[in-house]
Amino acid sequence: MASRCITGTDRKAISPLLRAVTVRKRGFCRSAETSGRTMVHELSLAHSLVEILVEQFRERPNVRITTVYLRLGPLAGVVESALKAAFAVAALGTLAEGACLRIEHAPAVVRCRSCGQEQSFPTNAETDHDILLSSLVTLPTVCPACGALSLDLVHGDELELVAAEVVDG
């Protein structure tokens, strides 16, 4: 069985489909108290991921997806463990059934509108992403370079489908 990863040209071919799953929620905040509703949100996202993957490989019915790579920002409003569980459910009976969901944690990045300075706030790989780092209070309110009160979120709220590995057979 040959393993294949969607990259380069393949990624360009599916980029319109990828946009459908990219989540952009400026300033979205979720606390532990609201996480009881989380699974419904993550299940919807997982179904969208599976639909995109199935659509991409509909012309190749003999492939099986083994690994799905996602990039997740700390401000995406997604509980990682719920997304993984939801993906396993959404993938049942599809070519993605049994696929491993690999999640890369992207940092939050802010840019000053006045001076253009960007500052990154890396995620801690050891931090449990179920305890979301999504409070805007944790991000600076003033630019560390010029002191302006005009910061924009550049990255950190994304959920992106990066690649998928498949095997023939």
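Two strands count as paired here if DSSP finds at least two bridges between them. Keep that in mind as you work through this predicted model.

**Exercise 1. Get an overview of the chain: how many helices and strands does it have, and in what pattern do they follow one another?**

Step 1: Count the elements. You should get 3 helices and 7 strands.

Step 2: Walk along the sequence and write down each element as you meet it. The pattern reads β-α-α-β-α-β-β-β-β-β.

Step 3: Look at the contacts between residues at least 6 apart in sequence. Of these, 80% join residues at least 24 apart.

Step 4: Turn to the surface. The chain exposes about 9100 Å², and carbon and sulfur atoms supply 54% of that area. Of the 169 residues, 39% count as buried.

**Exercise 2. Work out which residues are the bridge partners of V110 and R111.**

Step 1: Find strand 4, which covers residues 108-112. Both V110 and R111 fall in that range.

Step 2: Check the pairing with strand 5. Strand 4 and strand 5 are joined by 4 bridges and run antiparallel. Within strand 5, V110 has Q119 as its bridge partner.

Step 3: Now do it for strand 6. It too runs antiparallel to strand 4, with 4 bridges joining the two. Here R111 is partnered with D152, and C112 stands opposite L151.

Step 4: Take a look at the hairpin of strand 4 and strand 5. There are 5 residues between the strands, and in this hairpin G116 takes a positive phi near 85 degrees.

**Exercise 3. Put the strands of this open sheet in order, and explain why strands 5 and 6 each have a side without a neighbour.**

Step 1: Line them up. The 3 strands come in the order 5-4-6, with antiparallel pairing.

Step 2: Read off the edges. Strand 5 (118-121) and strand 6 (151-155) each have a single partner strand, so one side of each is left without a neighbour in the sheet.

Step 3: Add the twist. Ignoring direction, neighbouring strands of this sheet are turned by 30 degrees against each other on average.

Step 4: Ask how covered strand 4 is. Of its 5 residues, 4 are buried, which leaves the strand mostly covered.

**Exercise 4. Decide whether D157 and E158 are buried or exposed.**

Step 1: Locate them. D157 sits in the loop between strand 6 and strand 7, and E158 lies in that loop too.

Step 2: Recall the cut-off: buried means under 20% relative accessible area.

Step 3: Apply it. D157 has 0% relative accessibility, so it counts as buried. E158 comes out at 2%, so E158 counts as buried as well.

Step 4: See what lies around them. A polar atom of the E158 side chain is 3.1 Å from the backbone nitrogen of G156. As for D157, its C-alpha atom is separated by 9.5 Å from that of V109, although the two residues are 48 apart along the chain.

**Exercise 5. Find out how strand 7 pairs with strand 2, and whether strand 7 is enclosed or open.**

Step 1: Match the strands. Strand 2 (residues 63-72) is joined to strand 7 by 9 bridges, and the two run antiparallel.

Step 2: Pick out a pair. V63 stands opposite D168 in strand 7.

Step 3: Check the cover. Strand 7 spans residues 159-168, and 8 of its 10 residues are buried, so the strand is largely enclosed by the rest of the structure.

**Exercise 6. Where around the axis of helix 3 do its buried residues lie?**

Step 1: List the buried residues. In helix 3 (residues 80-90) they are E80, A82, L83, A86, F87 and A90.

Step 2: Look down the axis. These residues cover an arc of only 155 degrees, which puts them on the same side of helix 3.

Step 3: Compare with V89, another residue of helix 3. Its relative accessible area is 49%, so V89 is partly exposed.

Step 4: Finish with a long step in sequence. V89 and A46 are 43 residues apart along the chain, while their C-alpha atoms are 8.4 Å apart in space.

Definitions and conventions:
Residues numbered from 1 in each chain as written. Predicted model: local features only at pLDDT ≥ 70, side-chain atom pairs only at ≥ 80, totals over all residues. Heavy atoms only, no water. Axes fitted to C-alpha atoms, helices over the stretch in contact; angles between N-to-C directions. Buried < 20%, exposed > 50% of the residue type's maximum accessible area, 1.4 Å probe, protein only. Arc of directions from axis to C-beta. Contact = heavy atoms within 4.5 Å. Areas by Shrake-Rupley, 256 points an atom, 1.4 Å probe, with all protein chains shown as cover. Polar contact = N/O pair within 3.5 Å; in protein donor to acceptor, adjacent residues only side chain to side chain.
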